[in-house]
Amino acid sequence: MCPSNGLIYAPHMAGASILCATDLTEHSRRAVDLGVAAAKAFGARLDLVHVIDDADSWWPESPGLEEAADQAREHTTRYEAALEARLQEEQKRCVAAGVETEAFVVRGRPWRLIPEVGQERSSFLIVVGAYGSGGERAVDRSGVTERVLGSTTERVIRAADRPVFVSTGEAPIPDGLAGTRWLVGTDLSESSLTALSWAKRAVARVGGELHVANVIIPAGGEEKPDEERTWRQVLRDQSKLEAGQKLVDYVAQHAPGAQHHQVVSPEYPSHALCDAGVMVEADVMVVGMQHQSVLGRLLIGSTALRCVRIAPMPVLLVPEGAR
């Protein structure tokens with residue numbers, strides 16, 4: 001049994017929840033919308049959390065600055081009350097959408113507290129926005145426009161020990177994710193089964209469509225006769241055929257009924273996967289993450305993060321062996 005089965009079945013257990021982090025800006029509304037849709041899809045409670053970053057908080061301790069310190073504390077109290085009021089408005093919006101919702105404000109470093117709160121609340125999924133309070137920014141890399149992720153989002157992805165759903169893209173999120181298409185990127189390894197298992201059962205819950213894609217590089221020299229091709233090109237061509245059959249067998253064994261796609265591209269796997277997502281009109285992309293050790297969490301695969309930076313649809317990142 002795939003190690004993620006306990007996660008995907010969590011909505012059937014009492015108290016199962018999805019944690020949605022919001023910075024209460026306009027840019028984070030999409031994350032809340034995705035959290036509501038996921039909560040409906042999995043039949044779970046939605047926990048809204050706003051984290052006040054207290055990294056720069058300090059109170060003057062000099063005897064002559066007591067008044068300034070008191071004023072600073074009073075300002076902070078009013079600020080927190082305003083944030084709580086705004087969070088309650090978001091909570092009401094979620095409840096009006098038909099989702100049981102709890103909301104709370106906590107203080108600390110957001111990237112550290114969000115995964116910790118997820119553990120404390122036994123959340124089987126964390127939902128975050130792609131951008132910080134400054135909104136969307138992008139850079140051009142090798143002719144491809146990549147988003148600049150909010151620092152909190154990227155750190156949460158690295159630190160979390162459970163799936164993280166990032167609300168990338170701009171298309172409206174279907175109500176309850178009903179009838180959505182899910183594209184899973186796989187390298188055909190055992191470690192990618194966690195992501196495939198998540199997607200397979202999610203698709204079953206929402207009545208959606210599952211697509212599985214594997215990216216390989218082109219052999220090169222296809223237009224030449226075999227005697228004019230290099231040995232590397234011939235071997236790559238044979239490997240492509242073998243990989244294609246392996247993909248067919250992999251899908252037949254682990255996700256019967258899913259549509260499979262062998263993507264032959266000289267681009268980065270992340271770029272090729274996103275192109276495949278556009279081709280099949282996927283609503284959600286699912287990518288596995290291989291990070292088990294502390295060092296591994298710092299060196300999380302570039303494919304997963306690049307998918308988040310360029311994908312035109314929400315991306316679900318599933319850690320290997322997620323519990």
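Okay, before anything else, one term: when I say two residues are in contact, I mean they have heavy atoms within 4.5 Å. And keep in mind that this is a predicted model.

So let's start with tryptophan 182. Skipping its neighbours within four places in sequence, tryptophan 182 is in contact with a long list of residues, including Phe165, Leu177, Ala199, Ala202 and Val203. Further along the chain, its contacts also include Val284, Val286 and Leu316. Where does that put it? Trp182 belongs to the largest nonpolar core, which has 47 residues. Along with Ile18, Leu125 and Leu210, Trp182 touches the most other members of that core. There's also a second, separate core, this one with 38 residues, and among them are Tyr131, Val287, Met289 and Cys307. Hang on to Cys307, we'll meet it again.

Now step back a little along the chain, to threonine 180. You'll find threonine 180 in the loop between strand E7, residues 164-166, and strand E8, residues 181-185. Is threonine 180 buried or exposed? Its relative accessibility is 1%, and the cut-off for buried is under 20%, so threonine 180 counts as buried. Its side chain reaches the backbone oxygen of leucine 177, at 2.7 Å. Leaving out residues up to four places away in sequence, threonine 180 touches Pro174, Val206, Gly208, Glu209 and Asp283.

On to helices. Take H4, residues 110-120, and H5, residues 151-159: their axes come within 8 Å and cross at roughly 45°. That makes H4 oblique to H5, and the crossing is right-handed. Who meets whom? On the H4 side we have Pro110, Trp111, Ile114 and Pro115, and on the H5 side Thr152, Arg155, Val156 and Ala159.

The other pair is H8, residues 269-279, and H10, residues 302-310. Their axes come within 8 Å and cross at roughly 45°, so H8 and H10 are oblique to each other. H8 passes H10 in a right-handed crossing. From H8, the contact uses Pro269, Ser270, His271, Leu273 and Cys274, while H10 brings Thr303, Arg306, Cys307 and Ile310. And there's Cys307 again, the one from the second core.

Last stop: why is H10 described as largely enclosed by the rest of the structure? Because seven of its nine residues are buried. Those are Ala304, Leu305, Arg306, Cys307, Val308, Arg309 and Ile310. Take a look at the two arginines in that list, Arg306 and Arg309, when you open the model. That's me done, thanks.

Key. Residues are numbered from 1 along each chain as its sequence is written. This is a predicted model: local features need pLDDT of at least 70, side-chain atom pairs count only at pLDDT 80 or more; totals for chains, interfaces and linings use all residues. Side-chain values use heavy atoms; hydrogens and water are left out. A nonpolar core is a set of buried Ala, Val, Leu, Ile, Met, Phe, Trp, Tyr and Cys residues joined through side-chain atoms within 4.5 Å. Buried means under 20% relative accessible area, exposed over 50%, partly exposed in between (1.4 Å probe, protein chains only). Helices (H or I, at least four residues) and strands (E, at least two) are DSSP runs, numbered from the N terminus. A polar contact is a pair of N or O atoms within 3.5 Å; within protein, one must be able to donate a hydrogen and the other to accept it, and residues adjacent in sequence count only if both atoms are side-chain atoms. Axes are lines fitted to C-alpha atoms, for helices over the stretch in contact, and angles run from 0 to 180 degrees between N-to-C directions. Angles under 35 degrees count as roughly parallel, over 145 as roughly antiparallel, 65 to 115 as roughly perpendicular and the rest as oblique. A crossing is left-handed if the near helix is turned anticlockwise from the far one by less than a right angle, and right-handed if clockwise.
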